Amino acid sequence: MIRSSPSIPIPRTVPVLPLHDKVLLPGVVTRLQISRRDSIPLFEKILRTFDSKELSKCIIGVFPVRLPPTTTLAITEKGEEPSNNNTNNTTGGKSKRGDNSHHGELIIPTPGPIYPTPSSVGDGSYGRSSSSSSQGALNPAHIHSTGCAARLVRLERAVGGFTVVLEGIVRLRLNKFTSQSPYFEADVTPMPDRAVDKNDQELQDQIVALRSTSKEFVSLLQTLKLPAPVLTQLQKFLENVGVIPGQVVDLLMSTIESTYDEKITILEATDLKERIVKAIELLTRQIHVLKISQKVHDNVEGKLNKKQREFYLRQQMAAIKEELGEKDSSEEDEMTTIENRLTAANLPPEVQKAADREIKRLKKMQPASSEYSVIRNYLDWLGDLPWSKSSEDILDVERARKQLNDDHHGLEKVKRRILEYLAVTKLQQLKGDVKGPILCLVGPPGVGKTSLGRSIATAMGRKFHRISLGGVWDESEIRGHRRTYVGALPGLIIHGLKKCEVNNPVFLLDEIDKVGSRGHHGDPSAAFLEVLDPEQNNTFTDHYLNVPFDLSKILFIATANSVDTIPAPLLDRMELITIPGYTYAEKLAIATNHLLPKQIQLHGLSESDVQVTEEALLKVATGYTRESGVRHLEREIGSLVRAKAVEYAENQERKLASSSPTSEVAATYQPLVTLADVEEILGQEKYVNEVTERIATPGVVTGMAYNGVGGGILFIEVSQMPGKGHLQLTGSLGDVIKESAQIALSWVKSHGYEIGLTNSHGQNIMEKADVHIHMPGGGTPKDGPSAGIAMVCALVSMFSNQTVPSTTAMTGEFTLRGLVMPVGGIKEKVIAAHRAGVKKIIMPLRNQKDVTSDVPANVREDIEFFYASTIWQVLREAFEGRVVIRSSTAALDSRM
């Protein structure tokens, strides 16, 4: 038996308790949770051997464990609070069992050390395993050779194991293991601190440095406002640093923030000088950390105290001014200004009630408050909106007609609808307000939809505001943000009304078909259901305002390239007006009256400086553009004007530099642009006549297409090859057009004898052949039923080796019974065919009314129209009688 002190004997052989991520130092009390199977038997035996009053006589060797980085064994016991271990450590003091300690009980509540997380700990519960099967055997080689003898202060049963409180006594050196089952036992040697040699000057100097550093550390702890008894005990303990420097070091190391390896270094430092040097280093680091933390804390607290002090002083100032009968004139003027603006806005009763409520709240707030600015902005919006301010309409129908005709060529439907609205408004002016219509102008790009909206506003004498909806994907952009969000603002509708300053402007909702689809930000197209409904928009409520605003006086005009992407409920609320593409005659008139004067003015010239012949303008429209609108045409005209601008500028320079008479120099500049000049300026023609340049070929037929942004012609090519009767379709075709091809082939096969393709009724014309139908332009998707009759003619042309004239185009849906059904987009298709040089068009009989009412007269005069109700009529007209009908079936179908 060896004694480390007169009262605590240390046995030669002691049971061993391995610890991971935790180091027990002499003089430190710690609490552990025991749950390992190789440690539980030790404490089971202690309970059986020792009485509760004799637990302090039980000595255990506590040794830290170091595992290799790749280990997967659960080998540790867990402290009660691993993230803040030191809060449960006590140095010396009395245990709850009444045992006397060396130095009295002392707890230092400082931030606990952050230890490295073990690579694998049993079942992953940081040292605790729920079953023995999940724990591996501990290798004795992983147990550190230096540890600490500890006496048992408390032992209690807990769920899955025991809760123990241990007090470190003295350092131990592990000599060898004497037993490994059911728990570890080892032969140990105590390593008590040597007595302080007062003649060792180096040691005395280190003790002085330790005392100085410790006092600075304690003074910093005082600024943390720790309990006075704790600080008093710590200061008394540090007074003995000259006598027991080793115990002082162990105490301080258990209170400061240090790593697992640093604590092991302190534990291994049996030499007092080495331990003091390391302790001073760690204490100095901790002092720096505390100083930085205190500085940050003081800065934050100083800012908060400043705001509280300002608020208190403002309250005192307000109270003093109230007693003296004085008021803050600037604040009063601001509130008066707000109230006057709201009064001048002539708010509706419901809105006035909301404004009064917010003003009362504003008067009770300090201007420095964040809520003050939110309410102030809200009241500014209420005062700026035109609740009752309207512009006076110009209800002169004749003046409006002249304005519309001057600004735009053609577009008779749109002009007629606007004039109707003006006439009705004028007639009902005495009976009440007329709700504004919701118009939707649908047409290809460049036909003047946006400029038409501006012209309508000018004709009516109203203010104009354009809202671009392309790419709008958030519902809040239409209905605004709620005021609970930081930086909330009203939506685009309310913003436009504030900008216009009247409640009856013309709103142009540009590209309404490009509005984003439904997502996690809501559906912006659904937000327009209330805006564009004449029965609901008189109580439109923006999320930011949260009060109703009357939108019924606004004239909404939407524009779109296609109605396919507009939701059906929204489409139902709008009055559709289709604007088709322009004919060459219309383009020539637009270029002469609008585009050319505009470009001349933009390039700094006068109308006498540039003159373009009609032949030259027509050449630009036919040979250098191929569009439904006039946007590209305007760019090409701009190129002509720029070329003449260069010539004019050079002529002016020569005129200034030359000494010749003015008339001779001026004669070198020719302002007229002729047909020959067009190709010289713009280069070779970009587009040729697609129809007239083609040679009639068997199996090739000209169809007509409409793609939502204008019409066009579509060539259908059919060829056959040896095979087994298969049909191949290419050209980026959709499902509907593929079905049309199947129907056309089935009809031709079933009527092969009647149209002279076979010699008997039962013969199959595709018995030993495959058919390939192709539509050029594979990069452009194609779909729809209108190519049905063109496919039948192409198949008959290929099988009969007869040609369809290249200047003949056709469109119409086809059924298996041989009926020709009507299709849409007639005006766009006919105009595109006219543009391509088509001379004859075959179409369904039921589309005759569309040609008569929609197609311009000059186009009808240039094209021969043939209307068919059955496929037999189509075949006779397309092949001009060259396909022989052998049976009376055709006549019977015609009568049907």
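A residue counts as buried when its relative accessible area is under 20%. Take Cys58 in this predicted model. Its relative accessible area is 5%, so Cys58 is buried. Cys148 goes further down the scale: at 0% relative accessibility, Cys148 counts as buried too. How much of the protein is buried in this sense? Buried residues make up 48% of its 896 residues.

Stay with the cysteines for a moment. A disulfide is a covalent bond between the sulfur atoms of two cysteines. How many disulfides does this structure hold? The count is zero.

Now step back to the whole chain. The protein has 28 helices and 28 strands. Consider its contacts between residues with a separation of 6 or more. Of these, 74% join residues 24 or more positions apart.

Next, look at how some of the helices pack. Two packed helices are described by the angle between their axes and the distance between the axes. Three pairs follow.

Begin with helix H8, residues 349–363, and helix H9, residues 370–384. Their axes lie 10 Å apart, and the packing angle is about 150 degrees. Angles over 145 degrees count as roughly antiparallel, so H8 is roughly antiparallel to H9. The crossing of H8 past H9 is left-handed. Which residues make the contact? From H8 come Val351, Ala354, Ala355, Glu358, Ile359, Arg361 and Leu362. From H9 come Glu371, Tyr372, Ile375, Arg376, Tyr378, Leu379 and Leu382. Sorted by type, ten of these residues are nonpolar, four are charged and none is polar.

One residue of this contact deserves a closer look. Tyr378 sits in helix H9. Is Tyr378 buried or exposed? Its relative accessible area is 2%, so Tyr378 is buried. Now set aside its neighbours within four places in sequence. Tyr378 is then in contact with Ala354, Glu358, Arg483, Tyr544, Leu545 and Val547. Two of these names, Ala354 and Glu358, belong to the H8 side of the helix contact. Leu545 shows how the fold brings parts of the chain together. Tyr378 and Leu545 are 167 residues apart in sequence. In space, their C-alpha atoms are 7.4 Å apart.

The second pair is helix H11, residues 412–427, with helix H12, residues 449–460. Here the angle is about 30 degrees and the axes are 12 Å apart. An angle under 35 degrees counts as roughly parallel, so H11 and H12 are roughly parallel to each other. Their crossing is right-handed. On the H11 side, the meeting residues are Val414, Ile418, Tyr421 and Leu422. On the H12 side, they are Leu452, Ile456 and Met460. What kinds of residue are these? Seven are nonpolar, with no polar and no charged residues in the contact.

The third pair is helix H22, residues 735–750, and helix H23, residues 788–800. Their axes come within 9 Å and cross at roughly 45 degrees. That angle makes H22 and H23 oblique to each other. H22 passes H23 in a right-handed crossing. H22 brings Ile737, Ser740, Ala741, Ala744, Leu745, Trp747 and Val748 to the contact. H23 brings Gly788, Met791, Val792, Leu795, Val796 and Phe799. Eleven of the residues in this contact are nonpolar, two are polar and none is charged.

Finally, turn from the helices to the loops. Just before H22 comes a backbone detail. Ser732 lies in the loop between strand E22, residues 727–730, and H22. Its phi is near 55 degrees, a positive value in a residue other than glycine. Ser732 has 33% relative accessibility, so Ser732 counts as partly exposed.

Glu511 tells a similar story in another loop. This loop runs between strand E13, residues 506–510, and helix H15, residues 524–531. What is phi at Glu511? The angle is near 60 degrees, again positive in a residue other than glycine. With 24% relative accessibility, Glu511 counts as partly exposed.

One more loop holds a peptide bond to find. Pro182 is placed between strand E9, residues 161–179, and strand E10, residues 185–191. The bond that joins Ser181 and Pro182 is a cis peptide bond. Its omega is about 0 degrees.

Key
Residues are numbered from 1 along each chain as its sequence is written. This is a predicted model: local features need pLDDT of at least 70, side-chain atom pairs count only at pLDDT 80 or more; totals for chains, interfaces and linings use all residues. Side-chain values use heavy atoms; hydrogens and water are left out. Axes are lines fitted to C-alpha atoms, for helices over the stretch in contact, and angles run from 0 to 180 degrees between N-to-C directions. Helices (H or I, at least four residues) and strands (E, at least two) are DSSP runs, numbered from the N terminus. Angles under 35 degrees count as roughly parallel, over 145 as roughly antiparallel, 65 to 115 as roughly perpendicular and the rest as oblique. A crossing is left-handed if the near helix is turned anticlockwise from the far one by less than a right angle, and right-handed if clockwise. Contact means heavy atoms within 4.5 Å. Ala, Val, Leu, Ile, Met, Phe, Trp, Tyr, Cys and Pro count as nonpolar, Asp, Glu, Lys and Arg as charged, and the others, Gly among them, as polar. Buried means under 20% relative accessible area, exposed over 50%, partly exposed in between (1.4 Å probe, protein chains only). A disulfide is a pair of cysteine sulfur atoms within 2.5 Å.
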